[in-house]
Amino acid sequence: MNVLTGSADNSCRLWDCETGKQLALLNTNSAVRTCGFDFSGNIIMFSTDKQMGYQCYLNFFDLRDPQQIEDNQPYLSIPCNDAKITSAVWGPLGEFVNAGHENGEINQFSAKSGEILKKAKEHSRQINDIQTSVDLTMFISASKDNTAKLFDSTSLEHIKTFKTERPVNSAAISPIMDHVVMGGGQEAMEVTTTSTRIGKFEARFFHAAYEEEFGRVKGHFGPINCVAFHPDGKSYSSGGEDGYVRIHYFDPQYFDFELEA
């Protein structure tokens with residue numbers, strides 16, 4: 001089992017999960033914003049930030065070719081001149097990457113040619129997070145425009161919208177239920193000016209088909225930056241600006257819950 005990390009220390013690193021040993025180090029000119037393995041685990045992609053005079057790039061490496069790693073030379077490097085990539089995920093068969101940008105656009109980049117295969121402009125502000133469904137056929141995007149949206153991974157067709165009153169920093173799709181969870185809050189710098197009692201920092205649950213909110217979970221006293229479901233769908237975790245990761249296990253009645261249509 002390997003894990004891939006990207007950091008503002010201008011590097012993307014591959015690690016062995018069991019031993020903690022570093023397997024590969026890829027140095028970059030600017031901060032690494034997002035990274036991921038394709039479904040085979042052989043190809044990695046990562047995007048770099050537009051900063052310090054450097055362009056935003058989406059880079060692809062084949063881990064089966066040690067020379068690429070040794071030379072720090074991706075087999076494909078795509079410049080993103082207009083708006084930097086803020087989040088990206090692989091498509092179902094490793095043929096393309098769906099990337100969200102700071103201007104709210106979603107672009108589908110071919111992992112072979114680097115060309116843009118499809119575009120979607122459903123969000124009006126920056127996309128903060130993109131997460132896929134367990135079978136990779138759909139993904140959910142979380143945006144500063146106070147919404148999360150569900151898309152078809154291949155066609156980029158917009159399927160559903162989940163509305164809130166605040167920026168959405170992260171959203172995830174349940175692997176076993178027709179549910180999505182979203183976390184957010186205000187910008188970190190605005191937090192000190194509001195009362196924590198107002199309850200801006202709840203994780204919010206929506207029904208994926210009906211777009212209806214059916215539950216909220218309190219706990220964090222700062223904006224939620226990331227949410228994720230456990231692969232078995234029986235719990236979820238959230239990480240917040242308050243410095244805590246909270247793991248929540250669902251009650252039995254959660255699994256029997258039916259939304260009144």
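Helices (H or I, at least four residues) and strands (E, at least two) are DSSP runs, numbered from the N terminus. The model is predicted: local features need pLDDT of at least 70, side-chain atom pairs count only at pLDDT 80 or more, and totals for chains, interfaces and linings use all residues. Residues are numbered from 1 along each chain as its sequence is written, and side-chain values use heavy atoms, with hydrogens and water left out.

**Exercise 1.** Describe the secondary structure of residues 1-25 and of residues 217-247.

*Solution.* Step 1: an unreviewed UniProt entry carries the annotation "repeat: WD" for residues 1-25, 120-161 and 217-247; such positions are given in the numbering used here, feature names are shortened, and annotations may be inferred rather than shown by experiment. Step 2: residues 1-25 are 64% strand and 0% helix, with 17 Å between the end C-alpha atoms. Step 3: residues 217-247 are 52% strand and 0% helix, and their end C-alpha atoms lie 11 Å apart.

**Exercise 2.** Characterise the surroundings of Cys12.

*Solution.* Step 1: Cys12 belongs to strand β2 (residues 11-16). Step 2: its relative accessible area is 1%, so Cys12 is buried (under 20%; exposed is over 50%, partly exposed in between, with a 1.4 Å probe and protein chains only). Step 3: leaving aside residues up to four places away in sequence, Cys12 has contacts that include Leu4, Ala24, Leu26, Val32, Cys35 and Phe46 (heavy atoms within 4.5 Å). Step 4: Thr34 is 22 residues from Cys12 along the chain, and their C-alpha atoms are separated by 9.4 Å.

**Exercise 3.** Establish how strand β16 is placed and how β16 is joined to β17.

*Solution.* Step 1: β16 (residues 168-173) is largely enclosed by the rest of the structure, because six of its six residues are buried. Step 2: β16 and β17 run antiparallel and are joined by five bridges (strands pair if DSSP finds at least two bridges between them). Step 3: one bridge partnership is that of Ser170 with Gly183 in β17. Step 4: the hairpin from β16 to β17 passes through five residues.

**Exercise 4.** Determine which strand gives the most to the lining of the largest cavity, and classify that lining.

*Solution.* Step 1: on a 1 Å grid over the protein atoms alone, a cavity is a set of points where a 1.4 Å probe fits but cannot get out, and lining residues have an atom within 4 Å of a point. Step 2: the structure holds one cavity of 30 Å³ or more, and the volume of the largest cavity is about 90 Å³. Step 3: strand β17 (residues 179-184) contributes the most to this lining, with three residues. Step 4: the lining comprises three nonpolar, four polar and four charged residues; among them are Val168, Met182, Gly183 and Glu202.

How values were computed:
1 Å grid on protein atoms, 1.4 Å probe; cavity = no way out; pocket = protein on both sides within 12 Å on 5 of 7 lines; lining within 4 Å. Points joined across faces, edges and corners; volume = space filled by probe spheres on them. Nonpolar A, V, L, I, M, F, W, Y, C, P; charged D, E, K, R; others polar.
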